[in-house]
Amino acid sequence: GIDRAIPVAVVPFGWLGATVLPEDIGRIIGNDLRNSGIFEPIPRENMISLPTQASELIYRDWQALGTQYVLLGNVEQNAGRYQAQFALFNVATQQQLLTGTVGGSAAQLRDMAHHIADLVFEKITGIKGAFSTRLLYVTAERVSVNNTRYTLQRSDYDGARAVTLLQSREPILSPRFSPDGKRIAYVSFEQGRRP
């Protein structure tokens, strides 16, 4: 992190669907940027306006809050697929820095949000974002004195969407993704099982 985090506003993304959007894309992006230690998102309750497109953006609203950057966007659904359009603005210069569109299924909404956060992070800092990465980790749960259950888990970088890949009574060590990210290697002392 840094001593003084950069104030950024991630405005709630617009959504005109008939039901509630399964994931809050704006909140996920804001959390990603906060987790970097470089940004401090403006709380939603402090936002004076909630623009979803460039024509609705009033820079003085964000200057009054001390915001340096504003990210806004909207989500549409077509034939079961979601499409998120977004734009990033520099409040001081009143310039658009980044615009784009990402798409995916309902199950990919978090992935879409992480990808947008990666793009915003890189545009402002010049450093490639890592919010779309995945974690592999092992948990150990002591069931009884002589019985421990080891579990190999995969999750988003922030711990969300954890999936159990393997459970064993024997230790699981050193999980790693293959270079192409499609396979996982690990060490286990269990006999008769193929990794």
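This is a guided tour of the structure, moving from its interior to its surface. The model is a predicted one, so each stop describes what was computed from that prediction.

**The main core**

Begin by selecting Ile29, Leu33, Leu71 and Ile116, which are the residues with the most contacts inside the largest nonpolar core, a set of 30 residues. To see where this core is drawn from, colour strand S1 (6-10), helix H1 (25-35), strand S4 (69-78), strand S5 (81-90), strand S6 (95-104) and helix H3 (109-125), each of which supplies at least two of its residues. Helix H3 deserves a separate colour, since the largest share of this core, eight residues, comes from H3. In soluble globular proteins, nonpolar side chains tend to be buried together.

Now centre the view on Ile29 and ask which residues it is in contact with, leaving aside its neighbours within four places in sequence. Selecting Val10, Phe13, Leu71, Ala113, Ile116 and Ala117 will show them.

**A second core**

Next, clear the selection and pick Ile42, Met47, Val70 and Phe89, which are among the 12 residues of a second core, separate from the one just visited.

**Aromatic rings**

The count of aromatic pairs comes to five, and one to look at is formed by Trp15 and Tyr82, whose ring centres lie 5.8 Å apart. Are these two rings stacked, edge-to-face or tilted? Their planes stand at 40°, and planes from 30 to 60 degrees apart count as tilted, so the pair of Trp15 and Tyr82 is tilted. With the chain trace switched on, this pair can be seen to link distant parts of the chain, as Trp15 belongs to strand S2 (residues 14-15) and Tyr82 to strand S5, 67 residues apart. Is Tyr82 buried or exposed? Its relative accessibility is 8%, and because buried means under 20%, Tyr82 counts as buried.

From there, select Phe39, Phe121, Phe131 and Tyr157, which together form one aromatic cluster.

**Salt bridges**

Turn now to the charged side chains, where the structure holds 10 salt bridges. One of them can be shown by selecting Asp24 and Arg27, whose side chains meet at 3.6 Å, N to O. Asp24 is partly exposed, with a relative accessible area of 32%, and Arg27, at 44% relative accessibility, also counts as partly exposed.

Select Arg34 and Glu40 next, where the side chains meet in a salt bridge of 3.7 Å, N to O. Here Arg34 is partly exposed at 37% relative accessibility, and Glu40 is partly exposed with a relative accessible area of 39%.

A further salt bridge appears on selecting Glu141 and Arg149, with a distance of 3.9 Å, N to O. Glu141 counts as partly exposed at 45% relative accessibility, while Arg149 is partly exposed with a relative accessible area of 31%. After this pair, select Arg110, Asp111, Arg134, Asp156, Asp158 and Arg161 together, as these residues are joined into one network by salt bridges that share partners.

**A nonpolar patch on the surface**

For the last stop, switch to a surface view and select Leu173, Val187 and Phe189, which make a nonpolar surface patch of about 260 Å². Val187 has its place in strand S11 (residues 184-188), and with a relative accessible area of 37% this residue is partly exposed.

Technical notes:
Residues numbered from 1 in each chain as written. Predicted model: local features only at pLDDT ≥ 70, side-chain atom pairs only at ≥ 80, totals over all residues. Heavy atoms only, no water. Core = buried A, V, L, I, M, F, W, Y, C linked by side-chain atoms within 4.5 Å. Buried < 20%, exposed > 50% of the residue type's maximum accessible area, 1.4 Å probe, protein only. Helix = DSSP H or I, 4+ residues; strand = E, 2+ residues; numbered from the N terminus. Contact = heavy atoms within 4.5 Å. Phe/Tyr/Trp six-rings, centres within 6.5 Å; stacked < 30°, edge-to-face > 60°. Patch = residues over 30% accessible without salt bridge, like charges linked within 9 Å, V, L, I, M, F, W, Y side chains within 5 Å. Areas by Shrake-Rupley, 256 points an atom, 1.4 Å probe, with all protein chains shown as cover. Salt bridge = Lys/Arg side-chain N within 4 Å of Asp/Glu carboxyl O.
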